[in-house]
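Reader: I should like to learn how the elements of a model are read, from strand pairing to single residues. Please give the general idea before each case.

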Amino acid sequence: VMNDIITTMFNKKFMEELFKPQELYSKKALRTVYDRLAHASIMRLNQASMDKLYDLMTMAFKYQVLLCPRPKDILLITFNHLDAIKDFIHDSPGILNQVDETFRQLIETYGCLSAGEFQLIRQTLLVFFQDMHIRVSIFLKDKVQNSNGRFVLPISGPVPWGTEVPGLIRMFNHNGDEVKRTEFTTDGNYVTPQREGSFDLYGDRVLKLGTNMYSVSRPVETHMSGSSKNLASHAKENTAPNPLAKEELNFLARLLGGLETKTPGCGETGFRLNLFTTDEEEEHAALTRPEELSYKVINIEATEEPGRRAELSRILGELEVAEPR
């Protein structure tokens, strides 16, 4: 199952589409791609478990982006993700080569970006996730998330690489010479990092964000916060036509063209993944989840036929599903 999912995720055509310069696509487009990836093997999830898995994934990534010490560390977080994936398939050289090729593309594309460009990337991602405040028990237990679903920013610990520990003010004259120093006390307990994380294909990333959250075995449940439910209940349907509907559908068609959903063959026995304790709990979650927060997944068969592409564009133009504000 892991081999099938990772092979599909790092499909050459799929990666080529992701690395093309483009606008950040919508939550509906992200969910559609994520659904196809999750079902790239014989594993199957029903709607409630799929929603729960997606909520956990988005909140975990939001946490990582929000708490990264400096914008460039987003790349280290991504490398931590890929390092973990490589551990899953270390016995499969062919798939490992696919992941390593993506590694090289990331280094080539993002390794030379300035701090300002990384800051723009980080802010764009945070804007995308800013209205998501889903409570996750593993974050609540570690006290990195409040009961309203918002994350807690630490005021202590290592400062970003390349910066100094707060507590000193230097004053300079018009010639650039230091003329005075003033020290002040801080509420946080700051330390200087020993070294910078490695941005190479192999190396110590130093940063722990993006590593396995479940290294210590403990039950994890995802719950919708009350504020999110209230917000969703007041969401208004957006009836205005989307001027970028055709472009978004064309992008999805290209993106999903290389993603094949695997169905169990005659000799294969499929299995279902349940992210809840019991089947009854999963069914209850599916019934009680607010309609506005249930993601509508559209399966698109992408072809190069002009008639089919035009038909897909027409369909998306008619699909204006309201999203929680």
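Author: Let us begin with strand pairing. Helices (H or I, at least four residues) and strands (E, at least two) are DSSP runs, numbered from the N terminus. Two strands pair if DSSP finds at least two bridges between them. In this predicted model, strand β4 (residues 168–172) and strand β5 (residues 178–183) run antiparallel and are joined by 5 bridges.

Reader: On what basis are such features accepted, and how are residues counted?

Author: The model is predicted, with pLDDT of at least 70 needed for local features and 80 or more for side-chain atom pairs to count, whereas totals for chains, interfaces and linings use all residues. Residues are numbered from 1 along each chain as its sequence is written, and side-chain values use heavy atoms, with hydrogens and water left out.

Reader: Which residue of β5 stands opposite I169, and which is the bridge partner of F172?

Author: I169 stands opposite T182, while F172 has E178 as its bridge partner in β5. As a general idea, in a regular strand the side chains alternate between the two faces of the sheet.

Reader: What is found between the strands of the hairpin of β4 and β5?

Author: There are 5 residues between the strands, and in this hairpin G176 takes a positive phi near 90 degrees. D177 also lies in the loop between β4 and β5. Contact means heavy atoms within 4.5 Å; leaving aside its neighbours within four places in sequence, D177 is in contact with M171 and F172.

Reader: Is β5 covered or hardly covered, and how does D177 count by accessibility?

Author: Buried means under 20% relative accessible area, exposed over 50%, and partly exposed in between (1.4 Å probe, protein chains only). β5 is hardly covered, with a count of 0 buried residues among its 6 residues. D177 counts as partly exposed because its relative accessibility is 43%.

Reader: How should positive phi values be read in residues that are not glycine?

Author: Two cases may be taken in turn. K143 has a positive phi near 60 degrees and is a residue other than glycine. K143 lies in the loop between α8 (137–141) and β3 (157–158), and at 68% relative accessibility it counts as exposed. V206, likewise not a glycine, has a positive phi of about 65 degrees. V206 is found in the loop between β6 (190–191) and β7 (222–223), and its 30% relative accessibility is why it counts as partly exposed.

Reader: How is the packing of two helices described?

Author: Axes are lines fitted to C-alpha atoms, for helices over the stretch in contact, and angles run from 0 to 180 degrees between N-to-C directions. A crossing is left-handed if the near helix is turned anticlockwise from the far one by less than a right angle, and right-handed if clockwise. The axes of helix α1 (residues 2–9) and helix α6 (residues 93–110) come within 10 Å and cross at roughly 35 degrees. This crossing of α1 and α6 is left-handed. N3, I6 and T7 of α1 make the contact with I95, Q98 and V99 of α6.

Reader: How many residues of each class take part in the contact of α1 with α6?

Author: Ala, Val, Leu, Ile, Met, Phe, Trp, Tyr, Cys and Pro count as nonpolar, Asp, Glu, Lys and Arg as charged, and the others, Gly among them, as polar. The contact of α1 with α6 has 3 nonpolar, 3 polar and no charged residues.

Reader: At what angle do the axes of α4 and α7 cross, and which residues make the contact?

Author: The axes of helix α4 (residues 47–67) and helix α7 (residues 115–129) come within 10 Å and cross at roughly 145 degrees. α4 passes α7 in a left-handed crossing. From α4 the contact draws on T58, F61, K62, V65 and L66, and from α7 on R122, L125, L126 and F129. By class, these are 6 nonpolar, 1 polar and 2 charged residues.

Reader: How may residues far apart along the chain be compared in space?

Author: One may take the separation of their C-alpha atoms. V136, placed in strand β2 (residues 135–136), counts as buried at 0% relative accessibility. The C-alpha atoms of V136 and L56 are separated by 7.0 Å, although these residues are 80 apart along the chain. T109 lies in helix α6 and counts as partly exposed at 34% relative accessibility. Its C-alpha atom is separated by 8.4 Å from that of F19, 90 residues apart along the chain.
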